[in-house]
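Good morning. Please look at the structure on the screen while I describe how its helices pack.

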Amino acid sequence: MVMEKKENVKKIKKYIDEVLNTKSSLSAKRPLKQDKLRKLFCDILNELSFVNARAVGMKHDYNVDFTEYDDPFFKIISSLFKLHFTDKQRSMINWWLYDKFLPSGDVLILNDNDTQEEIPTETPEDIWELLQNFKLKDEEKNPD
């Protein structure tokens with residue numbers, strides 16, 4: 001796959017050189033800081049979701065309760081979230097982690113209060129986008 005990508009880049013470069021009749025260079029797009037933050041956030045939410053599901057599954061399937069063991073870690077994570085996210089953003093994160101996906105298999109949805117349209121919340125990427133929208137609205141209300 002990587003080799004195919006390199007070959008495609010070489011072909012594109014060759015076409016550009018031919019069309020422009022010049023020597024050109026191509027470089028991979030560097031990830032923006034926001035892209036790195038999004039990936040980190042999504043990785044964290046995926047891992048927290050996995051840990052939570054594992055703890056619930058262990059309690060349900062084997063009657064093994066990891067609450068006392070996991071609790072200090074979740075307190076630390078919650079405190080770190082407080083350093084970075086607003087109350088509203090943390091509420092959305094917690095809703096996605098602990099309330100959206102019900103043990104019955106049902107999934108809760110969010111609807112926009114004004115339009116009644118469903119708000120995408122299926123993935124950590126959706127939650128990231130929603131948190132960014134919250135941030136923009138807060139900045140509009142309280143410009144510095």
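**Helix packing around the core**

The buried residues of helix H4 (87–99) are Gln89, Arg90, Met92, Ile93, Trp95, Trp96 and Leu97. Buried means under 20% relative accessible area, with a 1.4 Å probe and protein chains only; helices are DSSP runs of H or I with at least four residues, strands are E runs of at least two, and both are numbered from the N terminus. This is a predicted model, in which local features need pLDDT of at least 70, side-chain atom pairs count only at pLDDT 80 or more, and totals for chains, interfaces and linings use all residues. Residues are numbered from 1 along each chain as its sequence is written, and side-chain values use heavy atoms, leaving out hydrogens and water.

The buried residues of H4 pack against H2, H3, strand E1 (110–111) and H5, where contact means heavy atoms within 4.5 Å.

I turn to the core. The largest nonpolar core (buried Ala, Val, Leu, Ile, Met, Phe, Trp, Tyr and Cys residues joined through side-chain atoms within 4.5 Å) has 17 residues. Phe41, Leu45, Met92, Ile93, Ile127 and Leu131 have the most contacts inside it. Helices H2 (33–62), H3 (67–84), H4 and H5 (124–141) each supply at least two residues of this core.

Which residues does Phe41 touch, not counting those up to four places away in sequence? Phe41 touches Phe85, Ile93, Pro124, Ile127, Trp128 and Leu131.

Finally, I consider H2 and H5. Among the H2 residues that meet H5 are Leu37, Phe41 and Leu45.

Conventions. Buried < 20%, exposed > 50% of the residue type's maximum accessible area, 1.4 Å probe, protein only.
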